[in-house]
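Thanks for making the time this morning. I would like to walk you through a structure that is new to most of us, so please have a look at it before I go on.

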Amino acid sequence: MSSYSQRVNTGQQMTTDYDLSKIFVFENRYQNDGYVNNSNYNPITLLAGTLMGRVTSTNSLVPWRAGAVDGSQRPIGILAQDIINLPSGSNQRASICVAGDVAASQIIFFAGDTLETQDNGRRVKDSIQSDSVGIKLVYSQEMTGSDN
């Protein structure tokens with residue numbers, strides 16, 4: 001997702017910062033699924049790049065959290081599009097990336113976890129790559145040839 005912010009705009013001079021980084025880098029595959037906001041609180045916003053899991057009993061997508069015991073402790077994909085201000089009890093179609101190269105620095109954790117967070121003796125970054133269909137985390141710019 002690209003974004004920009006204006007640092008200075010005096011009417012005669014303007015300075016703008018652009019972020020053109022990508023979350024989904026190469027040969028990505030997606031699947032559409034349903035997300036239900038089961039919170040009893042305010043509307044929820046989830047941004048593209050949020051790591052997602054699935055509750056086994058309801059088959060619902062939820063943001064991944066370390067220590068969950070409802071099946072959602074296994075990462076199944078990464079949210080591909082923003083879900084903005086979804087009211088409590090509402091559902092929305094959600095597209096998740098289930099395979100391909102994903103920029104590790106762009107993954108968002110809902111509860112303050114990181115790629116190094118351990119869950120059941122495994123780092124999350126290892127679980128993402130082994131438990132998903134085929135997500136490969138990319139940590140830097142990756143060239144196409146071995147001699148680059």
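**Salt bridges and the overall chain**

Let me begin with one pair, Asp 33 and Arg 54, which form a salt bridge whose closest N and O atoms are 2.8 Å apart; by salt bridge I mean a side-chain nitrogen of Lys or Arg within 4 Å of a carboxyl oxygen of Asp or Glu. Because Asp 33 lies in strand E3, residues 24-36, and Arg 54 in strand E5, residues 51-54, the pair ties together parts that are 21 residues apart in sequence. Strands here are DSSP runs of E with at least two residues, and helices are runs of H or I with at least four, both numbered from the N terminus.

Before going further, I should say that this is a predicted model, in which local features need pLDDT of at least 70 and side-chain atom pairs count only at pLDDT 80 or more, while totals for chains, interfaces and linings use all residues. Residues are numbered from 1 along each chain as its sequence is written, and side-chain values use heavy atoms, with hydrogens and water left out.

Are Asp 33 and Arg 54 buried or exposed? Both Asp 33 and Arg 54 are buried, where buried means under 20% relative accessible area, exposed means over 50%, and partly exposed is in between, with a 1.4 Å probe and protein chains only.

The structure holds four salt bridges, and I will turn to two others. Arg 123 pairs with Glu 116, with 3.6 Å between the closest N and O atoms, and Arg 123 also meets Asp 126 in a salt bridge at 3.1 Å, N to O. As for their surroundings, Arg 123 is partly exposed at 30% relative accessibility, Glu 116 is partly exposed at 43%, and Asp 126 is partly exposed with a relative accessible area of 30%. Through shared partners, salt bridges join Glu 116, Arg 123, Lys 125 and Asp 126 into one network.

Stepping back to the chain, it has one helix and 12 strands, and from the N terminus on, the order is β-β-β-β-β-β-β-β-β-β-β-α-β. Of its 148 residues, 39% count as buried. Finally, taking a contact as heavy atoms within 4.5 Å, residues 24 or more positions apart account for 60% of the contacts in the chain with a separation of 6 or more.
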